[in-house]
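Me: Please take a close look at one part of this model, the way its helices pack against one another and the nonpolar core they share. I would like the cut-offs stated as you go.

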Amino acid sequence: MRFFLAFFVLMTAQAMSLKDFNARPAADRSAYVADFIDKMTTDLRAKNPELAQSIRTWFAVKSEGKTSSEGMERLNVELGAVEIQAQQGKADLSKVQLESVIVWVVKQKFPPPSK
């Protein structure tokens, strides 16, 4: 848990707002997400290689007949939910960081062990 929090603080130091993210071309957005997941799992690999591989697989491997992986589908659902909140005036996309949404989605799928 401490590692996840420390990682989150380090990664969000250079975070991108959803407003800035949405302004990029689709190819740039995909590359940015892939780069972040790569950095996150590379850093995590030193402490927990199995978890790092599970996260990579969840985001990278598409099930047969699907156009996206389960992780990317989940991320897109959450990003869509934030967009709806922004349209309703309940969220400010300039203040929501893409990286925090990715980390939140990962923590939902792979919760830290309870102590």
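Reply: What follows goes from the overall fold to two helix pairs and then to the core. This is a predicted model, in which local features need pLDDT of at least 70 and side-chain atom pairs count only at pLDDT 80 or more, while totals for chains, interfaces and linings use all residues. Residues are numbered from 1 along each chain as its sequence is written, and side-chain values use heavy atoms, with hydrogens and water left out.

The protein has 6 helices and 0 strands, where helices (H or I, at least four residues) and strands (E, at least two) are DSSP runs numbered from the N terminus. Among contacts (heavy atoms within 4.5 Å) between residues at least 6 apart in sequence, 63% join residues at least 24 apart.

Helices α3 and α4 pack with their axes 7 Å apart and at an angle of about 160 degrees; axes are lines fitted to C-alpha atoms, for helices over the stretch in contact, and angles run from 0 to 180 degrees between N-to-C directions. The two are therefore roughly antiparallel to each other, given that angles under 35 degrees count as roughly parallel, over 145 as roughly antiparallel, 65 to 115 as roughly perpendicular and the rest as oblique. In this contact, I37, D38, M40, T41, T42, L44 and R45 of α3 meet P49, L51, A52, Q53, I55, R56 and F59 of α4. By class, those residues divide into 8 nonpolar, 3 polar and 3 charged, with Ala, Val, Leu, Ile, Met, Phe, Trp, Tyr, Cys and Pro counted as nonpolar, Asp, Glu, Lys and Arg as charged, and the others, Gly among them, as polar.

For α5 (residues 70-87) and α6 (residues 98-109), the axes come within 10 Å and cross at roughly 125 degrees, which makes α5 oblique to α6. Here E70, R74, L75, E78 and L79 of α5 meet L98, V101, I102, W104, V105 and K109 of α6, a contact with 7 nonpolar, no polar and 4 charged residues.

The largest nonpolar core, a set of buried Ala, Val, Leu, Ile, Met, Phe, Trp, Tyr and Cys residues joined through side-chain atoms within 4.5 Å, holds 25 residues, of which F21, I55, F59, L75, L98 and I102 touch the most other members. Two or more residues come from each of α2 (18-23), α3 (26-45), α4 (49-60), α5 and α6. Leaving aside residues up to four places away in sequence, F59 touches I37, S69, G71, M72, L75, I102 and V106.

Technical notes:
Buried means under 20% relative accessible area, exposed over 50%, partly exposed in between (1.4 Å probe, protein chains only).
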